[in-house]
Amino acid sequence: MQKRFSILDRPLLAKITLNWELICWLTIILVTLATRFWDLGSRAQHHDESMHSFYSWELFRGRGFIHNPLLHGPFLYHANAVIYFLFGASDYTSRVAPALFGFGIVIAPYFLRKWLGRYGALAAAAMFAISPGFLYFSRFIRMDIFAAGFEILMFIAIIKYLDERKDLYLYLLAAALSLAFSTKEISYITTFIFGTFLVIVLVWEWLRDRKFPPDLASFDLVILIGSLCAPLYFTTLVIKAIGLWDPLDYTNYGQHDLLVLLLVTGVFAALGLWWNWRRWVTAAGIFWAIYVLLHTTLLTSMGGLLTGPIGSLGYWLAQQGVKRGGQPWFYYLILIPVYEFLPFLLGLMGMGYLSFTTARRKREEEPRKAVWPKNILWVFLSYWFLVAFVIYSWAGEKMPWLVVHLTLPIILLAARFIGDVLERANWQELRQRRAHYLLVLVPTAGLVVLGFLSASLGLSGILSRGLPAAGFNLGELNTLVRWLVTLLLSGVFIYLTFLIARRLRVTSIARMLLFAAVLVLTVFTIRYAWIANYIHGDIAEDMLVYTQTTPDVTMVMEEIERLSERLVGGKEMRVAFDEFTSWPFWWYLRDYPNKIFFGKEPMGPLDAPVVLVGLDNESAVRPYLTNYVRRQYRLRWWFPEDYRQLANCGVIKALRNPDTRQAAIDYLLRREVGDPNIVQCTIIDNLRNPEARQSAIDFLLYRDLDQPLGSSDFAFYLREDVAAQIWESSAVPIALQVEASAEYAEAHREVSSITTWGEPGALQGQFGFPKDLAIDSQGNVYVADSQNHRIQKFDSEGTFITAWGSVGQEPGQLTEPWGIAVDSEDNVYVADTWNHRIQKFTADGEFITYWGAHQNTDGQLLEPQGMFWGPRGIAVDLEGNLFVTDTGNKRIQKFDSEGNPLGQWGGGGSLPGQFQEPVGIAIDQDGNIYVADTWNQRVQIFDADFQFRTQWRVDAWSGDSVVNKPYLAVDGEGRIYTTDPERYRVLVFDSEGNLLAIFGKYGTDETSFDLPTGIAVDQEGNVYISDSNNHRIMKFAPIE
């Protein structure tokens, strides 16, 4: 009896040939799996991620899903619900579905090998694998990575149908179209691009035969895409044109909307049936089955039949007017070169190269009946990228996650180019003539030459001052030696490169130079992808990150979990939260059945151990939180958008103006001088500035920022009885904090100001978030008017005297000044915070000198001294020397009155003499120096030589926000005053740290503050306070 054959008997590797191509694909697959799935859950969930995760979880829990165009298409929620069903709900599993799609996009070029070439397909997969944008958004639960997956699926189906004309690819295209429209509204852009390109191809082909109906693959595709997508395009537009009702009113859809949808669908169905009824019915069945099932949540929410075809396009068009993000028109011209420079440069080169090589090919003797896909592939990809770039740049909403839709076609185009170059290379000849050495020599020679140029600039600066009579100092000698060494090495490497290159043909040299450039750019791409995904992650120091939930949120959730476990033994603890913190906390508190959402303001007392409230809502909630301990955290932070200043570039503005544009043409053609303003440009002026130029280099090479991250913050309130029993704080032991809270409550008193002046604005006597204060020997008050980038001077009663300063980097200009001090001669010193310098003026505002530049020491005591990262406080001692809190560098620097450095102390840490965010600084009559060590929540005291004496803790300064910066003052009796900005109060201590008094509360009356920041005491003991968020200065009589 013959043994029956089983598939289990088939040899595993019988039909698999292990060659270098297969090894390359396996390597790419392993790298892609590792980079997509490793450490997926550590990053805090973005606002949008938390919404997507939560509504997916609701669907998984059987609570249904109702399609709403606000949340985009329903596919994501269904896919995520399946993942939750298989693996449970967590931050990690929320990102599994996009990671799978990211993996699928990397593998997709395998199915385009026939048209990209084997090398090209591998190059495309590799570029997708290391792309910073694709990697980041493959680890991010948004719709765009899903939409990109369906875009490449549509592209594959179109290319394959153009080549093979099999019905299978029509049905695959129908499914991809339906899934794309069920994912996100950018599918309207993609189908427009694909459809118009196919129309162009159809016209080009038809003009040769002029038969109707044409028997062409392009005609089939145009009919299919048009007939399936037209109802989704035109139903909303027809309803809008009729003008009888609003297609955006999702609550008022009815029979009239359904009637219009059916009429439009019927018209285009007739077109499809005329074309080929059997094909069209099958394709339409696939398209509408997927679309209806997803939009109605498997027929459980039938309103999706109208919110999908009608509401989606209407809502998306309306959002373009909102211009969410408010990005400039050139946003993608910055984002793509910063992150996707490898495919961008190769793609642009590919357009020229492929145009040239195609034009050189001889025409075939007999014209084809159909366009051969490999010949038009690069044209299709070029058209896709260029039209998409124009549309996305024109659209009102520009966001970093949309970059994947621009990067996708340019990666495929770059791969087509590099694959063609690789296939045409004569590898045997290149090996025999040692051409591969150029892959090492060219990049190395380039680096050495750059070093030589840098040393040459330094040497020219030395020689421009003339040869020093006493010889070179150590620094100048180092520059000279570096110049000589790099000159020698440049010559050696250039000579070696020449020796190899002279044996090669010009085309071979060009190929090796291209391969060397690709190698270098690949290394940089991997580096920036790694930084954005695994170093920064949820730290908004990358443009890709944009705005992001901070790690504070996950830290708070860990605290809540510990509290709940110890308090009730599970997750039954009540947690109240407002609308500001609702996302991401709806997601993070999903398993807490007793959570309380109270919107902007609670209706009554909150009997919850934990309350989370945004700062904007805090004033309304405070009356219900009298017995709570407060800490402040950052909810979201965002990337500083300095690139927006390009919009103010005089060149761009001038060229938009017809007169100045004509002036430019007149000069270029006839050398007639027109408007001189055409050459003015803020960004060019900034790049001429060495500090601004260095800042740009630091970001481009190292992704380091010299500007702080903006943030929106929230307060974490814990009931005192719970805190006293079980809470473990990482900063200050809670038992001490509760005890201190009781002491502080007893010290509180009601104190009213005797004079107040100021209001929001930029006129004389108005303020934009004033910071520090200083008082001169005549009793005049100087105010650092921070957001107006100026100093204002008043008499002791608030009468305006003078003002000086404007935003900028020139001497006398200021950028967000925070600190200010006056010496015994009434010279005024200003901490020009975000110009990273100290400026010295006369009492009337005449500029004298400045010193300082940007330096990030990472909390170390480094040389040279006299540089800063965000100086915020200044104090002048009895000898006229300055002590400056170099806040970001966690140190104190000392200077004489001309800016010569005299010493530095501190460094990051919590030991005596170390600092975490030092801000306020004051000096008493005995020369003792007091420093507000903000994040260590203590005041440290040093003698005149800055030797540590003692310290005391304060129940204050609990938030880490960029505005929670306390200042200090000392009166004639040795009492120390400190502001507590985010608790809206002022604390008074004696010289030993004993609490004497507290005054202030939240509000706008004469006893209240909103972010009190700067503080000063005059010779009579009157206390002046900058009430920053109320944009005013308040004067109080001496505190008894």
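# Strands, salt bridges and a nonpolar patch

Arg 938 has a relative accessibility of 3% and therefore counts as buried (buried means under 20% relative accessible area, exposed over 50%, and partly exposed in between, with a 1.4 Å probe and protein chains only). We will come back to this residue shortly.

The model is a predicted one: local features need pLDDT of at least 70, side-chain atom pairs count only at pLDDT 80 or more, and totals for chains, interfaces and linings use all residues. Residues are numbered from 1 along each chain as its sequence is written, and side-chain values use heavy atoms, with hydrogens and water left out.

## Exercise 1: a strand and its partners

Task: find strand β22 (residues 929–933), and work out how it is covered and how it pairs with β21 and β23.

Solution:

Step 1. Locate the elements. Helices (H or I, at least four residues) and strands (E, at least two) are DSSP runs, numbered from the N terminus.

Step 2. Check burial. Five of the five residues of β22 are buried, so the strand is largely enclosed by the rest of the structure.

Step 3. Split the strand by face. In a regular strand the side chains alternate between the two faces of the sheet. On one side of β22 you find Ile 929, Val 931 and Asp 933, on the other Tyr 930 and Ala 932, and all are buried.

Step 4. Look at the pairing with β21. Two strands pair if DSSP finds at least two bridges between them. β21 (residues 918–923) runs antiparallel to β22 over four bridges, with Pro 918 opposite Asp 933. Five residues separate the two strands of this hairpin, and Gly 927 in the turn has a positive phi of about 85°.

Step 5. Do the other partner. β22 and β23 (residues 938–942) are antiparallel over five bridges, and Ile 929 stands opposite Phe 942. This hairpin has four residues between its strands, with Gln 937 at a positive phi near 50°.

## Exercise 2: three salt bridges

Task: for Arg 938 and Asp 933, Asp 420 and Arg 424, and Arg 719 and Asp 607, decide whether each partner is buried, partly exposed or exposed.

Solution:

Step 1. Recall the rule. A salt bridge is a side-chain nitrogen of Lys or Arg within 4 Å of a carboxyl oxygen of Asp or Glu. By this rule the structure holds 41 salt bridges.

Step 2. Return to Arg 938. Its side chain meets that of Asp 933 at 2.7 Å, N to O. Asp 933 is buried because its relative accessible area is 0%, and Arg 938 is buried too, at 3%.

Step 3. Move to helix α18 (residues 403–424), where Asp 420 and Arg 424 lie four residues apart, about one turn of the helix. Their salt bridge is 2.7 Å, N to O. Asp 420 counts as buried because its relative accessibility is 8%, whereas Arg 424, at 43%, counts as partly exposed. As a reminder, an α-helix has 3.6 residues a turn, so residues three or four places apart point the same way.

Step 4. Take the third pair, Arg 719 and Asp 607, with a salt bridge of 3.2 Å, N to O. This pair links distant parts of the chain, 112 residues apart: Arg 719 is in strand β6 (residues 710–719), and Asp 607 is in the loop between β3 (596–597) and β4 (610–614). Arg 719 is buried at 15%, while Asp 607 is exposed at 51%.

## Exercise 3: a covered helix

Task: compare the length of helix α10 (residues 167–181) with the expected span, and find what covers its buried residues.

Solution:

Step 1. Work out the expected span, which is 1.5 Å times one less than the number of residues. α10 has 15 residues and reaches 21 Å from first C-alpha to last, close to the 21 Å expected.

Step 2. Count the burial: eleven of the 15 residues are buried, among them Tyr 169, Leu 173 and Phe 181.

Step 3. Search for contacts (heavy atoms within 4.5 Å). The cover includes α3 (75–87), α9 (144–164), α11 (187–209), α12 (217–242) and α13 (255–295).

## Exercise 4: a nonpolar patch

Task: find which helix gives the largest share of the nonpolar patch.

Solution:

Step 1. Set the criteria. Patch residues have over 30% relative accessible area and no salt bridge; like charges are joined within 9 Å, nonpolar side chains (Val, Leu, Ile, Met, Phe, Trp, Tyr) within 5 Å.

Step 2. List the members: Val 520, Phe 524, Ile 697, Leu 700, Leu 701 and Tyr 702, with about 470 Å² of accessible area together (Shrake-Rupley method, 1.4 Å probe, and for residues only the protein chains shown count as cover).

Step 3. Assign them. α22 (506–536) and α29 (690–702) each supply at least two residues, and the largest share, four residues, comes from α29. Ile 697 sits in α29 and counts as partly exposed at 36%.
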